[in-house]
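Biologist: Please take a close look at one part of this structure, its packed interior, and describe it for a first-year student. I should also like to hear about the elements and loops that border on it.

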Amino acid sequence: MEIGINIDRAKLLISETKLNLKSENIQLSDSRGRILSKGLASKVNDPRFDNSAMDGWAVKEADCKSNKNTVLKIIGSIQAGSREITSLHRGEACKITTGAPIPDGADAIVIVEDSKTEGENVIISGPARKTFIRKKGENLSKGNEALPKGSYMTAAAISLAATMGHDMVTVYKRPIIGIISTGDELVMPNSEIQDYQIYESNSFGISALVEKMGGKPIRYDLVTDSVDHLRKVLNSAAKECDLLITSGGVSMGDWDIVRKIMEEEGDIVFWKVKMRPGGPPLYGKWKNKPIFGLPGNPVSSHLVFLILVCPWFSYTYGIKETEMPNLGQKVRVKMNDEVRGAKDKICLRRIRIISGSNGLEATVHTHQGSGNIHSMVAHNGITLLPEDTSAKTGDIIDAFWFN
């Protein structure tokens with residue numbers, strides 16, 4: 001077990017025990033937010049054929065070189081889905097709609113606004129543009145793998161897959177994540193509450209984060225400060241889940257039962273990371289299943305998820321941390337408030353990031369206590385202050401901007 005390591009070392013250790021996910025075939029219509037485990041190659045050229053990008057007239061560019069109005073004979077019209085393709089000769093024009101195939105012999109398009117019809121002729125008063133013709137295969141060539149393995153299926157990716165001719169995709173199965181909150185002081189929201197109790201919130205927030213990262217959360221009943229009770233729930237979760245996440249009980253107190261049971265019966269890879277807030281997390285295995293022990297303070301649990309659990313998902317999917325799904329992006333911001341750093345630890349102060357006239361700017365709007373989950377709502381990012389470093393007003397620092 002390694003104790004008190006930096007974030008980079010923790011992420012390296014996590015990457016060495018990543019999960020090997022299985023795959024499944026699903027309908028394209030059900031694939032939003034899923035990760036491709038097999039790349040998709042186009043079954044067709046896109047466009048399938050040369051076609052018009054505008055409503056107007058298919059012409060020969062050479063016929064429209066004159067700056068004066070050009071009179072061309074109308075030989076017909078063609079629309080999207082037309083099966084018969086007209087042939088065009090010098091001095092002729094064919095009316096055309098967006099998406100319609102280009103007539104043989106035409107090499108340019110005049111938009112309808114630059115024309116006027118008179119009987120069997122059209123008078124062209126504007127330029128004929130070759131760039132208004134979409135060329136066959138200019139977007140995709142048949143066999144081109146436009147969506148590689150590891151692609152996150154956004155609305156645009158789903159549309160692209162359909163364009164390529166796919167109605168089924170092969171994706172990673174959603175990892176099942178067991179979420180276990182511990183502590184005698186916890187009761188469920190809307191329950192009768194005593195003066196010494198608090199409403200449990202971490203499992204709800206962590207579940208939402210798991211879903212955002214493409215996982216399937218299972219929330220287990222609250223665990224009291226009992227090693228026997230915790231062992232029973234951990235054993236059950238290890239049979240059902242791919243990863244376990246506990247909340248609370250990882251620090252140095254007498255009732256920090258997650259740390260105790262992991263020391264005695266589990267396999268701890270590391271404990272404590274040089275970050276504030278969120279310093280006492282642990283990572284290891286329980287019954288050969290990876291397990292993260294997150295702190296009980298809600299801000300700490302969220303930030304440890306961001307800093308350590310999100311990379312676990314990326315490693316598992318075989319993608320970079322900067323690729324979707326993720327919870328945000330690293331940016332540079334100018335501080336409009338002072339923020340204090342932390343001794344020997346990277347400091348994650350909550351900040352509100354806005355786009356100013358000279359770039360991104362950041363301010364502080366609530367106190368920074370690790371128990372103040374409101375600070376995660378009032379702000380939309382965190383500082384990434386290096387060890388023993390504070391930021392003054394006007395300083396430009398690294399930050400993480402939440403999605």
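Modeller: Lys272 is partly exposed, because its relative accessible area of 26% falls between the 20% limit for buried residues and the 50% limit for exposed ones. In this predicted model, Lys272 belongs to strand S19. Its phi is near 75°, a positive value in a residue other than glycine.

The strand that holds Lys272 leads to the interior. The largest nonpolar core has 45 residues, of which Ile245, Phe270, Phe292, Phe305, Leu308, Trp312 and Phe313 touch the most other members. Strand S19 (267–273) is among the elements that give two or more residues to this core, and so are helix H1 (7–15), helix H3 (202–212), strand S14 (176–181), strand S18 (243–247), strand S22 (289–294), helix H6 (298–317) and strand S28 (396–402). The most is given by H6, with 13 residues. A second, separate core of 20 residues includes Val258, Trp271, Leu282 and Ile291.

Trp312 shows how the parts of the largest core meet. Leaving aside residues up to four places away in sequence, Trp312 touches, among others, Ile14, Pro175, Ile177, Leu243, Tyr283 and Phe292. Trp312 also joins Tyr172, Phe305, Phe313 and Tyr317 in one aromatic cluster.

Aromatic rings deserve attention here. Across the whole structure, a search finds seven aromatic pairs. In one of them, the ring centres of Tyr283 and Phe292 are 4.6 Å apart and the planes stand at 45°, so this pair counts as tilted. Tyr283 and Phe292 are both buried. Phe305 and Phe313 make another tilted pair, with 6.3 Å from centre to centre and 40° between the planes. Phe305 has a relative accessible area of 0% and is therefore buried; Phe313 is buried as well, also at 0%.

Helix H4 offers a view of packing from one side. Residues 227–240 make up this helix, which has 14 residues and reaches 20 Å from its first C-alpha to its last, close to the 20 Å expected at 1.5 Å a residue. Its buried residues include Leu230, Val233, Leu234, Ala237 and Ala238. These five lie on the same side of H4, because they cover an arc of only 135° around the axis. In general, an α-helix has 3.6 residues a turn, so residues three or four places apart point the same way. The buried residues of H4 pack against S14, S18, helix H5 (257–265), strand S21 (282–286) and S22. On the face turned away from this buried side, H4 carries the exposed residues Asp228, Lys232 and Lys239.

The loops can be considered last. Asn288 is in the loop between S21 and S22, and its phi, near 65°, is positive although the residue is not glycine. With a relative accessible area of 68%, Asn288 is exposed. A cis peptide bond, with omega about -5°, joins Arg276 and Pro277; this proline is found in the loop between strand S20 (275–276) and S21. Met324 and Pro325 are also joined by a cis peptide bond, with omega about 0°, and Pro325 lies in the loop between H6 and strand S23 (328–335).

Definitions and conventions. Residues are numbered from 1 along each chain as its sequence is written. This is a predicted model: local features need pLDDT of at least 70, side-chain atom pairs count only at pLDDT 80 or more; totals for chains, interfaces and linings use all residues. Side-chain values use heavy atoms; hydrogens and water are left out. A nonpolar core is a set of buried Ala, Val, Leu, Ile, Met, Phe, Trp, Tyr and Cys residues joined through side-chain atoms within 4.5 Å. Buried means under 20% relative accessible area, exposed over 50%, partly exposed in between (1.4 Å probe, protein chains only). Helices (H or I, at least four residues) and strands (E, at least two) are DSSP runs, numbered from the N terminus. Contact means heavy atoms within 4.5 Å. The expected span of a helix is 1.5 Å times one less than its number of residues. The arc is that of the directions from the helix axis to the C-beta atoms. Rings of Phe, Tyr and Trp (its six-membered ring) pair if their centres lie within 6.5 Å; planes under 30 degrees apart count as stacked, over 60 as edge-to-face and the rest as tilted.
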